[in-house]
Amino acid sequence: MNELIKLRAEIDEADELLLRAFIKRMDTVEKIGKIKKESGLDIQDKTRETQVLSDITKRTPEKYRESVMQLYECIFNVSKSYQLKTD
């Protein structure tokens with residue numbers, strides 16, 4: 001049981017790092033959304049998404065690649081949705 005508590009503490013630490021990184025990412029997403037709106041650019045940039053996904057998966061261990069791809073598809077969707085809401 002002590003091992004389970006220790007591992008859960010490790011997950012809590014990882015979650016804190018993920019949250020900080022997500023907030024930083026979304027702050028940047030907001031700025032990008034404003035620039036896109038001011039410039040009349042589309043929110044979706046499929047070329048950029050493909051490039052990011054390719055770069056990320058190359059650095060991901062094989063056993064996690066499918067999960068990372070799912071995660072980033074979700075992140076892209078959340079980011080695009082948020083950009084649509086920016087003023």
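Select helices α1 (2-39), α2 (46-58) and α3 (65-85), each of which supplies at least two residues to the lining of the largest pocket. The model on screen is a predicted one, and the tour starts at this pocket before passing to the second largest one and then to the salt bridges.

With the three helices displayed, add Arg25, Ile32, Lys36, Arg48 and Gln83, the residues that lie nearest the centre of the largest pocket among the 15 that line it. The space held there comes to about 360 Å³. If the lining is coloured by helix, α1 stands out as the element that gives the most, with 5 residues. If the lining is coloured by residue class instead, it divides into 5 nonpolar, 4 polar and 6 charged residues.

Keep Arg25 selected and move to the second largest pocket, whose lining consists of Leu18, Ala21, Phe22, Arg25, Leu71, Tyr72 and Ile75. Here the elements that give two or more residues are α1 and α3, and the largest share, 4 residues, comes from α1. The space in this second pocket is about 190 Å³, and its lining divides into 6 nonpolar residues, no polar ones and 1 charged one.

Next, turn to the charged side chains, where the structure holds 5 salt bridges. Start on α1 with Glu16 and Arg20, which lie 4 residues apart in that helix, about one turn, and whose side chains meet in a salt bridge at 3.2 Å, N to O. Switching on a surface separates the two partners: Glu16 counts as partly exposed because its relative accessibility is 37%, between the 20% and 50% limits, whereas Arg20, at 55%, counts as exposed.

Now go to α2 and select Lys46 and Glu49, which are 3 residues apart in that helix, again about one turn. Their closest N and O atoms are 3.6 Å apart, and the two form a salt bridge. Lys46 counts as partly exposed at 45% relative accessibility, while Glu49 counts as buried, because its 8% is under the 20% limit. Adding Lys80 to the selection completes a network of salt bridges that links Lys46, Glu49 and Lys80.

For the last stop, select Glu62 and Arg65, which form a salt bridge with their closest N and O atoms 2.6 Å apart. Of this pair, Glu62 is exposed, with a relative accessible area of 57%, and Arg65 counts as partly exposed, at 28%.

Definitions and conventions:
Residues numbered from 1 in each chain as written. Predicted model: local features only at pLDDT ≥ 70, side-chain atom pairs only at ≥ 80, totals over all residues. Heavy atoms only, no water. 1 Å grid on protein atoms, 1.4 Å probe; cavity = no way out; pocket = protein on both sides within 12 Å on 5 of 7 lines; lining within 4 Å. Points joined across faces, edges and corners; volume = space filled by probe spheres on them. Nonpolar A, V, L, I, M, F, W, Y, C, P; charged D, E, K, R; others polar. Salt bridge = Lys/Arg side-chain N within 4 Å of Asp/Glu carboxyl O. Buried < 20%, exposed > 50% of the residue type's maximum accessible area, 1.4 Å probe, protein only.
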